[in-house]
Amino acid sequence: GGGGGLRVPLSESQTREKSRTEKFEIDFPVAATKQTTFPLPSSQLTRSEGFQHSASVESAHKLPVTSVAFHPRKHVVATASDDTTWKLWSIPSGDLILCGEGHDSWVSDVAFNPNGIQLATGSGDGSVKIWDFSAGECIATLTDHTQPVWSCSWHWDGNFVASSSMDHTAKLWDLTPGGPSSA
């Protein structure tokens, strides 16, 4: 597959045509980023095994959700799905912020870079993609796996991504400028 793209969901009152020169907003456009409490009425909370659950996101994806990850600094969660997309959601409201498309098969995992401005995704198409929120697009497609990728994870310094695959390998990807692609 190609690099893929990011889509910001638009309300019906917004135009569906967005300028390609428009910069992606790194500071996610969610009011929930400043909230520290869950403002849901108790009627929307359910109890299970001693925990309270906030309302779930209805119809989050067209197919099963395969992975979730919390943003390291914002009240945002990323989801991956068998529908070949990943999405960013505001929490606790559940509002859709962004949708990423570009994998040719199911997306198995999502992982935020520790700095919060990039997301790694692993897929059944055998690739790991690096999505950059400031660029508003996929900036790297790592394709050395020969089978589906099950998981991906960032090193704490944000310069390396590790991935595991059905091809019986784990790879370490060096994303430093000028660094080798994989080890």
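**Exercise 1. Turns around strand β10**

Find the glycine with a positive phi in the hairpin of β10 and β11, then look at how β10 pairs with the strands on either side.

*Solution.*
Step 1. Go to the hairpin made by β10 and β11: four residues sit between the strands, and G136 there has a positive phi near 75°. Keep in mind as you work that this is a predicted model.

Step 2. Check the pairing. β10 (128-132) and β11 (137-142) are antiparallel, with five bridges between them. One example to click on is K129, whose bridge partner in β11 is T141.

Step 3. Now try the hairpin of β9 and β10. Four residues lie between these strands, and G126 in the turn has a positive phi of about 85°. The two strands run antiparallel and are joined by five bridges. Here L119 stands opposite W131 in β10.

**Exercise 2. The two faces of β10**

Work out which residues of β10 point one way and which point the other way, and decide whether they are buried or exposed.

*Solution.*
Step 1. Sort the side chains. V128, I130 and D132 go one way, while K129 and W131 go the other way.

Step 2. Check the cover on each face. Residues pointing either way are buried, and the count for the strand is five of five.

**Exercise 3. A glutamine under cover**

Decide whether Q118 is buried or exposed, and find the side chain with which its own side chain makes a polar contact.

*Solution.*
Step 1. Locate Q118: it belongs to strand β9 (residues 118-123).

Step 2. Compare its accessibility with the cut-off. Buried means under 20% relative accessible area. Q118 comes out at 13%, so it counts as buried.

Step 3. Look for a polar partner. The side chain of Q118 makes a polar contact with the side chain of D132, at 3.0 Å. You met D132 already, as one of the buried residues of β10.

Step 4. List some company. Leaving out residues up to four places away in sequence, Q118 touches, among others, A111, F112, I130, F133 and W154.

**Exercise 4. An aromatic pair and its core**

Describe how the rings of F112 and F133 are arranged, and find the elements that give two or more residues to the largest nonpolar core.

*Solution.*
Step 1. Start with the search of the whole structure, which turns up four aromatic pairs. In the pair of F112 and F133, the ring centres are 6.3 Å apart and the planes make an angle of 50°, which makes the pair tilted.

Step 2. Place the two residues. F112 is in strand β8 and F133 is in the loop between β10 and β11, so the pair links distant parts of the chain, 21 residues apart. Both residues are buried.

Step 3. Widen the view. F112 and F133 join W86 and W131 in one aromatic cluster.

Step 4. Turn to the core. The largest nonpolar core holds 15 residues, and those with the most contacts inside it are W86, L88, V110, F112, L119 and F133. Two or more residues come from each of β5 (76-81), β6 (85-90), β7 and β8. There is also a second, separate core of 10 residues, including A111, V149, C152 and W154.

Step 5. Check the neighbours of F112. Not counting those within four places in sequence, its contacts include A69, F70, P72, V76, L88, L119 and W154.

**Exercise 5. Backbone oddities**

Find where T84 and H168 lie, and say which peptide bond is cis at P92.

*Solution.*
Step 1. Recall the usual picture: most residues other than glycine have a negative phi, and most peptide bonds are trans.

Step 2. Look at T84, in the loop between β5 and β6. Its phi is positive, near 75°. With a relative accessible area of 26%, T84 is partly exposed.

Step 3. Do likewise for H168, in the loop between β13 (160-165) and β14 (170-174). Phi of H168 is positive too, near 70°. At 76% relative accessible area, H168 is exposed.

Step 4. Finish with P92, in the loop between β6 and β7. The peptide bond from I91 to P92 is cis, with omega near 10°.

Notes:
Residues numbered from 1 in each chain as written. Predicted model: local features only at pLDDT ≥ 70, side-chain atom pairs only at ≥ 80, totals over all residues. Heavy atoms only, no water. Core = buried A, V, L, I, M, F, W, Y, C linked by side-chain atoms within 4.5 Å. Buried < 20%, exposed > 50% of the residue type's maximum accessible area, 1.4 Å probe, protein only. Contact = heavy atoms within 4.5 Å. Phe/Tyr/Trp six-rings, centres within 6.5 Å; stacked < 30°, edge-to-face > 60°. Polar contact = N/O pair within 3.5 Å; in protein donor to acceptor, adjacent residues only side chain to side chain. Pairing = 2+ DSSP bridges.
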